[in-house]
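This report describes the overall fold and the pockets of one protein chain. The sequence and the model are shown first.

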Amino acid sequence: MKIVNDFSGDYTLGLTPYINKSFENINDEEDLIIFNGFHTLENRPLLNRYKDAKRRCLINVWSPCEFAQPFNMEAYRYFTEVYCVCKYTCKIANKYFQEEKFIYFPFAFTNYSSTHNDTKEHDVCYFGGIHVPEQDKALFALKKFNHQFFSFGPHGSHATSANKIISTEDKLKAVSKCKISLCYNWISVENKHKKNLSANGFNHPAFYGSHGSHIAPQFKVRVHESASCGSLILCRKDEWKLIEDFYTENKEFVYFENEDELPEKIKDITENWDKYKTIAQNGYKRSQQYTIENFYPFMKTKDKSLITWECKDV
């Protein structure tokens, strides 16, 4: 196995370069090339170098965002397999290619920077951008508590309170000191994005749901990262329930229904931490199934008996 990359389109301090180290540490003679980074799709010298490899596997952690822009599905034909975090993309792409090229996977991640049992110094954190009004409102709720906010941007109404430049390593260390991590499995979708989605064949009901036009589903790696830090996943409930493909409600994570209830929800968790700590510990144990080290045997063998996640309601 060999991992190759092009990070020219990724945050240098972000997740994609961070996980590369775990792939590099896997010692395997399998004739398998793993492509990491969005711009590997258009890096012709890199693609040509490995065109004769038996297996050319792409790690796709960005879908369905590419289809909200002008994009050609043919960009994926080169790869023998595309391990994709969006189950709706998998269904649409496999229908297009008439084969199981796209394989739904749990956003395999790594955490070699923190431990799950660090002393909790903060009540709650959110890491990620402020892309929709609901997230902006949630940050106002978090400010009532001892909170942390990490973001490359956008920051919405909260630019002055954001830790704007933080590496994945430092972020994970900070999250491990927070009792609660707020999570949304959404992307922002404007009318121009919906037009592109439709033009690219993305007419699945998931992208035109009851929330209206401003959001669409995308599973976020911060769910796994939070759990791996021993921080309780507090996830915004929505119609897609992507988190339930990987974690069990009230056993390994907790939902909140809307931003209005957040203050009381956070207050209850922090005041009854001994009860909720067990859920955080269960979440940590489940997250370990989705590390790169534990995911790779499935990638190597494609043995479906190794799958520990579900693919509900596609």
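The protein chain contains 10 helices and 12 strands. Its radius of gyration is 19 Å, close to the 20 Å that the globule rule gives for 314 residues, so the chain is as compact as a globular protein of that length. The model is a predicted one. Along the principal axes, the C-alpha atoms occupy a box of roughly 60 × 45 × 35 Å.

Of the 314 residues, 57% count as buried. The exposed area of the chain is about 13700 Å², and carbon and sulfur atoms supply 46% of it. Among contacts between residues at least 6 apart in sequence, 67% join residues at least 24 apart.

The largest pocket holds about 1300 Å³ of space. Its lining comprises 42 residues, and those closest to the pocket centre are Y11, V61, Q218, K220 and R222. The elements giving two or more residues to this lining are α1 (15-24), β6 (122-127), α5 (168-175), β9 (186-188) and α7 (222-228).

The second largest pocket has a volume of about 290 Å³. It is lined by 16 residues, with E100, F102, I103, Y104 and K304 nearest its centre. Both α3 (87-97) and β5 (102-104) supply at least two lining residues; the largest share, four residues, comes from α3.

The linings divide by residue class as follows.

| Pocket | Nonpolar | Polar | Charged |
|---|---|---|---|
| Largest pocket | 21 residues | 15 residues | six residues |
| Second largest pocket | eight residues | one residue | seven residues |

Notes:
Residues numbered from 1 in each chain as written. Predicted model: local features only at pLDDT ≥ 70, side-chain atom pairs only at ≥ 80, totals over all residues. Heavy atoms only, no water. 1 Å grid on protein atoms, 1.4 Å probe; cavity = no way out; pocket = protein on both sides within 12 Å on 5 of 7 lines; lining within 4 Å. Points joined across faces, edges and corners; volume = space filled by probe spheres on them. Nonpolar A, V, L, I, M, F, W, Y, C, P; charged D, E, K, R; others polar. Rg over C-alpha atoms; globule rule 2.2 N^0.38 Å. Buried < 20%, exposed > 50% of the residue type's maximum accessible area, 1.4 Å probe, protein only. Contact = heavy atoms within 4.5 Å. Areas by Shrake-Rupley, 256 points an atom, 1.4 Å probe, with all protein chains shown as cover.
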